[in-house]
Amino acid sequence: YLITPEWIKKNARHLKTVGFSIDSFFEDTIRSIGRCTSTGKFLDVNKLIQIINLFKQYNPDIKIKINTVVSSLNKTENIAAEIIKNKMSVDRWKLLKMCLFKNDSFNNYDLAISDDDYHDFVKRNVETFGIRDVFDTLMIAENGTEIVVEQHINGGYIMIDSGGYLVD
């Protein structure tokens with residue numbers, strides 16, 4: 001959310017890839033997931049489009065990557081429809097099933113989804129890109145977007161809880 005056009009102009013040429021965590025385009029969902037600042041500001045679809053376009057303007061070779069963590073809060077959404085409708089230049093989109101974790105002060109069990117919920121999300125979103133053979137781990141849409149399905153992410157990412165403690 002805090003990235004500025006000036007920062008992009010100055011730094012885009014130094015980057016090969018820029019990634020965004022986009023779990024929803026609905027304000028209520030974004031806030032529920034916690035993808036907002038302490039004052040409630042968040043990256044909406046219009047600002048995301050502006051940022052992507054500026055990165056491409058200042059570095060046409062830059063790769064745009066989106067990660068989406070699927071949870072109980074966004075499992076019924078069709079994020080692909082917004083990506084397509086807004087002609088976002090996305091090179092790689094990872095669909096990650098949220099993983100459970102618990103420590104002394106926090107757990108995310110209320111966000112858990114079943115494998116069926118995750119597969120329904122993947123199927124709905126991938127089919128929106130026109131892909132019918134849905135459950136490969138890597139698919140290429142007609143527009144060139146790579147879609148990566150990652151159902152098990154433990155050990156693949158650094159996860160830090162809201163208190164700043166390493167979870168995985």
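Is N59 buried or exposed? N59 is buried, with a relative accessible area of 10%. The legends below come back to this residue after a look at the whole chain.

**Figure 1. The predicted model as a whole.** This is a predicted model. The protein has five helices and five strands. Along the sequence they follow the pattern α-β-α-α-β-α-β-α-β-β. The protein counts 168 residues, and 39% of them are buried. Its accessible surface comes to about 9,800 Å². Carbon and sulfur atoms account for 50% of that surface. Take the contacts between residues at least 6 apart in sequence: 66% of these join residues at least 24 apart.

**Figure 2. Confidence along the chain.** The mean pLDDT of the protein is 88. A value of 70 or more is reached by 89% of the residues. Helix α1 (residues 5–11) has the highest confidence, at a mean of 97. Strand β4 (residues 138–140) has the lowest, at 86. Where pLDDT is low, the predicted coordinates should not be read in detail.

**Figure 3. The largest nonpolar core.** In soluble globular proteins, nonpolar side chains tend to be buried together. Here the largest nonpolar core holds 36 residues. Five of them touch the most other members: F20, F55, I83, M88 and W93. Several elements each supply at least two residues of this core. The strands that do so are β1 (17–21), β2 (63–70), β3 (92–97) and β5 (146–150). The helices are α3 (45–58), α4 (79–85) and α5 (115–128). Which helix or strand gives the most? Helix α3 does, with seven residues.

**Figure 4. Close-up of M88.** M88 is among the core residues that touch the most other members. Leave aside residues up to four places away in sequence. M88 then touches F25, V45, L48, I49 and I52. It also touches E82 and I83.

**Figure 5. Strand β1 and its two faces.** In a regular strand the side chains alternate between the two faces of the sheet. Strand β1 shows this alternation. V18 and F20 point to one face and are buried. T17, G19 and S21 point to the other face and are not buried. F20 is also one of the core residues named for touching the most other members.

**Figure 6. Parallel pairing around β2.** Strands β1 and β2 run parallel, joined by five bridges. Find T17 in the view: its bridge partner in β2 is K63. Strand β2 also pairs with β3 in the parallel sense, over six bridges. What stands opposite N67 in β3? The residue there is K94.

**Figure 7. N59, between α3 and β2.** N59 is found in the loop between helix α3 and strand β2. Its relative accessible area is 10%, under the 20% cut-off, so N59 counts as buried. Apart from residues up to four places away in sequence, N59 touches A12, R13 and L15.

**Figure 8. N125, inside helix α5.** N125 lies in helix α5. Its relative accessibility is 0%, so N125 counts as buried. Which residues does N125 contact, leaving aside its neighbours within four places in sequence? They are E77, N78, I79, A80 and W93. W93 also appears among the core residues that touch the most other members.

**Figure 9. N86 and K87, in the loop between α4 and β3.** N86 lies in this loop, and K87 has its place there too. N86 counts as partly exposed, at 23% relative accessibility. It touches V45 and I49, not counting residues up to four places away in sequence. N86 and N46 are 40 residues apart in sequence. In space, they are 8.9 Å apart, C-alpha to C-alpha. K87 is exposed, with a relative accessible area of 70%. That is over the 50% cut-off, which is why K87 earns the label. Most residues other than glycine have a negative phi. The phi of K87 is near 50°, a positive value in a residue other than glycine.

**Figure 10. Two cysteines, C36 and C99.** How many disulfides does the structure hold? The number is zero. C36 counts as partly exposed, at 29% relative accessibility. C99 counts as buried, at 11%.

Technical notes. Residues numbered from 1 in each chain as written. Predicted model: local features only at pLDDT ≥ 70, side-chain atom pairs only at ≥ 80, totals over all residues. Heavy atoms only, no water. Helix = DSSP H or I, 4+ residues; strand = E, 2+ residues; numbered from the N terminus. Buried < 20%, exposed > 50% of the residue type's maximum accessible area, 1.4 Å probe, protein only. Contact = heavy atoms within 4.5 Å. Areas by Shrake-Rupley, 256 points an atom, 1.4 Å probe, with all protein chains shown as cover. Core = buried A, V, L, I, M, F, W, Y, C linked by side-chain atoms within 4.5 Å. pLDDT = per-residue confidence, 0-100. Pairing = 2+ DSSP bridges. Disulfide = S-S within 2.5 Å.
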